[in-house]
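Q: Could we go through how the pairing and burial of a strand are read from a model, step by step?

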Amino acid sequence: MTVGFIGLGIMGKPMSKNLIKAGYKLVVFDKFAKFDDIVALGAEGASSNKEVAAKSDIVITMLPNSPHVKEAILGAGGVIEGCKSGQIVVDMSSIAPAASQEVGEALKAKGVAFLDAPVSGGEPKAIEGTLAIMVGGDAKTFETAKPVLEKMGASVVLVGDIGAGNVAKLANQIVVALNIAAVSEAFVLATKAGVDPAKVFDAIKGGLAGSTVMNAKVPMILDGNFKPGFRVELHQKDLQNALDTGHSLNSPLPLTANVMKTIQALVADGMAANDHSAIVRFYEKLAHVEVRK
Ligand code: NAD
């Protein structure tokens, strides 16, 4: 089976490497980033999204946001122009659920099946091949694509129809953003009170407040290491998609709206390309302390 992979950024590169390692023949393309390293590992380099689709049985996209996915799949020279009836397209980007449904409908008109399959776990789990993959689509397409997805993830769960994968991802991103904000507020308080934040971490990480987010982000914060990882600007995009979806459904998201303002302040302060653990920098600036070892 030949797998086409489009979008070879922070996530797409390690994900595509795991597919090569698993023995799949890959055809790859990225419109802006270099991908000579993936070609050096045995993948065939293509010169357009259309060419990737024409040469693959299943096409995977891993792109920043809804407009990029719509352009790469439905735009001029896009995947849809190279696809044949019976083929499968899997978009693993985190985008608006409504955009997934729009792409799915357009492909269906050509007889092409579609899954939205966003991921959680970040670059480290992309490298390990242990991502959590949340999928929207029909059961038959899911079963066909599942062996490929399993080479990139430790869990691959069908959540519902097309768009449901990205609804699950929005829920994930709300929980992560609010968790980082809560950790930031709490650890700034501890530091301001004159208590060693590293000791607070040791004391509470095994209790009810402990979380995967706390374990991943507090060590980075204590080291003052805000290298991404997951960029602030990508989390801004996810929360915007969550707020838009909430507005369209009349589902209130007051805490998400609040953290969105924090993230906007970070972007205005030049921190768009920092890891999202930089949310702590907003609180640190307000309180005039730094949560460091
Ligand atoms: P990235 O910006 O590093 O990579 C995206 C790639 O897509 C870039 O190399 C870009 O050149 C390419 N691209 C953009 N438009 C294109 C087009 N029209 N045709 C072909 N290529 C195009 O982003 P990333 O960090 O790899 O994230 C990708 C997706 O995964 C995003 O939706 C992000 O929210 C999600 N995600 C990221 C992480 C993370 O930790 N980085 C974790 C989970 C989910």
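A: In this predicted model, strand β1 (residues 2-6) and strand β2 (residues 25-29) run parallel and are joined by five bridges. Between these two strands the chain passes through helix α1 (residues 12-21), and the β-α-β crossover formed in this way is right-handed.

Q: Which residue in β2 does V3 stand opposite?

A: The residue that V3 stands opposite in β2 is L26.

Q: Which strand, apart from β2, is joined to β1, and by how many bridges?

A: Strand β4 (residues 58-61) is joined to β1 by four bridges, and these strands run parallel. Within that pairing, I6 has T61 of β4 as its bridge partner.

Q: How should the two faces of a strand be read?

A: Side chains in a regular strand alternate between the two faces of the sheet. In β1, T2, G4 and I6 lie on one side while V3 and F5 lie on the other, and all of them are buried, so that both faces are covered, where buried means under 20% relative accessible area. Five of the five residues of β1 are thus counted as buried.

Q: What share of the residues in the chain is buried?

A: Of the 293 residues, 51% are buried. The chain holds 14 helices and nine strands, and its radius of gyration of 20 Å agrees with the value near 19 Å that a compact globule of 293 residues would have.

Q: What do the contacts say about separation along the sequence?

A: Among contacts between residues at least 6 apart in sequence, 64% join residues at least 24 apart.

Terms used. Residues are numbered from 1 along each chain as its sequence is written. This is a predicted model: local features need pLDDT of at least 70, side-chain atom pairs count only at pLDDT 80 or more; totals for chains, interfaces and linings use all residues. Side-chain values use heavy atoms; hydrogens and water are left out. Buried means under 20% relative accessible area, exposed over 50%, partly exposed in between (1.4 Å probe, protein chains only). Two strands pair if DSSP finds at least two bridges between them. A crossover is right-handed if, with the strands pointing away from the viewer, the path from the first strand over the helix to the second runs clockwise. The radius of gyration is taken over C-alpha atoms; the globule rule is 2.2 Å times the number of residues to the power 0.38. Contact means heavy atoms within 4.5 Å.
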